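User: Could you take a close look at the nonpolar packing in this protein, and then work outward from there to the charged pairs and the sheet? I would like one connected account that I can follow with the structure open.

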Amino acid sequence: MESPQGNSSSDDNLDELLITQTPEKKSDFTSSIPTSRLERLLRDRELRRSNKFSSFNEELRDSNGDLDANEPYLSDGERVYKEEDFVEGGTPVRQRLLVVANRLPVSAIRKGEDSWTLDVSVGGLVSALLGISEFEARWIGWAGVNVPDEVGQRSLTKALAEKRCIPVFLDEEIVHQYYNGYCNNILWPLFHYLGLPQEDRLATTRSFQSQFAAYKIANQMFADVVNEHYMEGDVVWCHDYHLMFLPKCLKEHNSKMKVGWFLHTPFPSSEIHRTLPSRSELLRSVLAADLVGFHTYDYARHFVSACTRILGLEGTPDGVEDQGKLTRVAAFPIGIDSDRFVRALELPQVKDHIKELEGRFAGRKVMLGVDRLDMIKGIPQKILAFEKFLEENPIWCDKVVLVQIAVPTRTDVPEYQKLSSQVHEIVGRINGRFGSLTAVPIHHLDRSLDFHALCALYAVTDVALVTSLRDGMNLVSYEFVACQAVKKGVLILSEFAGAAQSLGAGAILVNPWNVTEVAASIGYALTMPPDEREKRHRHNFTHITTHTSQEWAETFVSELNDTVVEAQLRTRQIPPLLPTGEAVDHYMCSNNRLLILGFNATLTEPVDTQGRRIDQFKEMELNLHPDLKEPLKKLCNDPKTTVIVLSGSDRNVLDENFGEYNLWLAAEHGMFLRLTSGDWMTTMPENLNMDWVDSVKHVFEYFTERTPRSHFELRETSLVWNYKYADVEFGKLQSKDLLQHLWTGPISNASVDVVQGARSVEVRAVGVTKGAAIDRILGEIVHYNAVKTPIDYVLCIGHFLPKDEDIYTFFEPELPVGPPPTTRGKIANSLNRFTPNSPGMSAFCRKAPPVPLPGPDKRANSFLGNGNWWSRMREKMTVHEGSSVLDLKGENYFSCAVGRKRSNARYLLGSSAEVVSLLKELADCQL
């Protein structure tokens, strides 16, 4: 069904975007417009590679073979970025990329009142984004210094602008509560499976609350700076757990902004994340982004699982879906700038370092560990495993040395001080036990090394030992592989590091908690045959040189751009919001109105969980929204308005909620009907077979017993098994098992429909749908009411299952292209049963023989609103019975889906609260 409101201009813009999303190049790959998401991504990937190859050839030609001629580097191998890499000059011709992170990639030192010294940091994220040529990057973040005065802020902003950086100024209290408090004291430990701090005093709880409040304030401050500098078409890329609220803040300001969010730490399992008091708020805030990225599939899977288990949303292979809005979730393993390390090995100062280290450790195998002194790095476990190895292999005591670089962090925190003391104690004990006057087995350094010394140390290492207890990625393993062109050293890698997903095939994977296993792996690595070392190194080196940091950044931004395109394509299929004013105006101008209202999630009272777990007891009690009682009374008492409540619920539920109103109740999808002042009557078709009910009931009882917190409802025309409150994953498995039992047993030969809801399975007799029932309901209303004018206005609102959405298309006055739906034939067929001599109960509620549908040549004149059909019906009917049927024009029909963005309805309403507001407006306009 086409939307009544055309979007031709936006569709044209989208078609243009599909063609011009990536720069146009002469290539066979671009000969046709890509139609699928995969084709678009492959096309974009091919174009990126083509651009890189062209740039390489141009540099080669310009330099006559010397690639360094136009690409200068510092003596340490780091690229020297040209002025145009940092200084904004003129209007950008490339897509702008706003990178938002907690810290800017520069260190700022104040030299005077209005003068600053800036040093560009070199890291994975920095090199990744500075190496991208397809985008013009801007950095937004905190400069790491407190600048309370306006003069300092203006001068620092000006200085940072030369580096394409934009500062966010945070005061000391916000930094203390937001960064040191909530980020480092709550989120970081939780995401690394260390758990939340113990709340031993009420003051601690208040501290957590104030830290969370500061966290939200800080995120809003970041959002304000982004909004100030944002230009249409920019891509905003938010980074890490410091800014989990940022996507929501940005989307609330501008829903069309392209927003991606990437987490550089692990994301814990849902069982860990659910302990966080602010769990739901953080998840929903991240879901506001268009694309959510993680280093590994495990982290992405944990995030989707948390959204399904905690928020009750639908997890899909592409991400998380919430009422038709899809947030794409994917894994994007980061890499390093491998060329920088390879080039560094050719520098004279690095070669001198290598010679010095080779002389120092002559005759001994070198093992290396490079870590921050942190609880998650597993340094004590590493050293204890080395001790175990020496204990079991004493002949290696003077043949191997472990060099452990432990960079101090957070030295003012007691837990880190305790860890440092523990490591020093273990190192001292091992050196005292296995060392000699001339040599010790462990060289432990409590400091960082400069880039040259680190590359040299990587190059002389025989075995690198990474024993992280939990690590987002750990790029030390990548750096080690990049520097091993000569030695072909062995990598022992913790299976709990994200890098294990990428380098696991070439590395020796270990469980760092199993000291015996790590010790055995050390022995195997030290004695590994050269040909195996060569094969393992070749595999890892190929990976790190093809999956670079630049490739990672380009892939993420490309996916983000395409995700937005995909979302726009999906939006084409989403009906627009209901134009409330237009609906009210047409309502006032009409003479005979028909309101068809669903009940559950449409007229029901919302269950306010206030961020707590779902209250199953309250949700299972369906109650009319208290704010609807007065408006509904006014509408029902209006002689020009007929109200029908059409629901899948049983008769008792509708009686309890609507017994006092003057309206029609249609229970169990319209199979039972009554005016509230009359008795229930059945509208079931004559040949409805219900012999299957008992066997299906036994299956539903069995699975209800096997699935905690599930339940089933036995109705007269259907059975419903609901697992909404059960464990999400277990409920899905049980529903699949239940369906298999049904199809191979009770309903294998039965005339039934199986309707799968979001978390329910319903078995109905064939033909039990709201659309199929509405013609019989209308017939009874026509027979009952003494209304002298035809119905010229229809408002149909509901939160219906897809199976029941035929009710929306049933009332469409305009003919579709192609064969009309079955329901349209039914209405013409059914209404033609009314004749002047119809006695007693209408033909809809009596057992009437089926009447053949009109042929294709006659069907066009059988639909509602068609003038020829209306003339013939008037001839066949008495004035009393036939004059109240539909004479409906397109502008007087409003079908609305509540809370469902994928719908056959013309329009959308977001929630029952919007339904309340609409019905209040209609009631207030009564004369």
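Analyst:
**Leu603 and its surroundings**

Leaving aside residues within four places of it in sequence, Leu603 in this predicted model is in contact with Leu597, Gly598, Asn623, Leu624, His625, Leu628, Val645, Phe658, Val915 and Leu919. The list is worth following on screen, since one of its members, Phe658, reappears when the core as a whole is considered: of the 86 residues in the largest nonpolar core, Leu603, Phe658 and Phe811 are the ones that touch the most other members. The element that gives the most to this core is helix H34, residues 912-924, with six residues. A second core, separate from this one, has 69 residues, among them Val147, Phe262, Val366 and Phe556.

From the nonpolar packing we can turn to a charged pair. Lys633 forms a salt bridge with Glu660, and the closest N and O atoms of the pair are 3.5 Å apart. Because Lys633 lies in helix H24 (residues 629-637), whereas Glu660 sits in the loop between helix H25 (651-658) and strand S20 (664-667), this pair ties together parts that are 27 residues apart in sequence. As for accessibility, Lys633 is partly exposed, at 32% relative accessible area, while Glu660, at 59%, counts as exposed. Elsewhere, salt bridges that share partners join Glu713, Arg715, Glu762, Arg764, Lys770 and Asp804 into one network, and the structure holds 37 salt bridges.

Two further pairs show another arrangement, in which both partners belong to one helix. The side chains of Glu392 and Lys388 meet in a salt bridge with an N to O distance of 3.3 Å; these residues are four apart in helix H14 (residues 379-392), so about one helical turn separates them. Both count as partly exposed, Glu392 at 46% relative accessibility and Lys388 at 25%. The side chains of Glu532 and Arg536 likewise meet in a salt bridge, here at 3.0 Å from N to O, and since they too are four residues apart, in helix H20 (residues 530-546), about one helical turn lies between them.

The sheet offers a polar residue for comparison. Nine strands form an open sheet with mixed pairing, in the order S5-S4-S1-S6-S7-S8-S11-S10-S9. Strand S5 (165-167) and strand S9 (314-316) are the edge strands, each pairing on one side only, and neighbouring strands are turned against each other by 20° on average, direction ignored. Within this sheet, strand S10 (residues 319-322) pairs with strand S11 (residues 325-331) in the antiparallel sense over four bridges, and Asp322 has Lys325, in S11, as its bridge partner.

Strand S1 (residues 95-103) contains Asn102, which has a relative accessible area of 5% and is therefore buried, the limit for that term being under 20%. The side chain of Asn102 makes a polar contact of 2.7 Å with the side chain of Tyr178. Not counting residues up to four places away in sequence, Asn102 touches Gly141, Trp142, Tyr178, Tyr179, Phe222, His242 and Leu243, so that Tyr178 appears both as a neighbour and as the polar partner of the Asn102 side chain.

Terms used. Residues numbered from 1 in each chain as written. Predicted model: local features only at pLDDT ≥ 70, side-chain atom pairs only at ≥ 80, totals over all residues. Heavy atoms only, no water. Pairing = 2+ DSSP bridges. Helix = DSSP H or I, 4+ residues; strand = E, 2+ residues; numbered from the N terminus. Axes fitted to C-alpha atoms, helices over the stretch in contact; angles between N-to-C directions. Salt bridge = Lys/Arg side-chain N within 4 Å of Asp/Glu carboxyl O. Buried < 20%, exposed > 50% of the residue type's maximum accessible area, 1.4 Å probe, protein only. Polar contact = N/O pair within 3.5 Å; in protein donor to acceptor, adjacent residues only side chain to side chain. Contact = heavy atoms within 4.5 Å. Core = buried A, V, L, I, M, F, W, Y, C linked by side-chain atoms within 4.5 Å.
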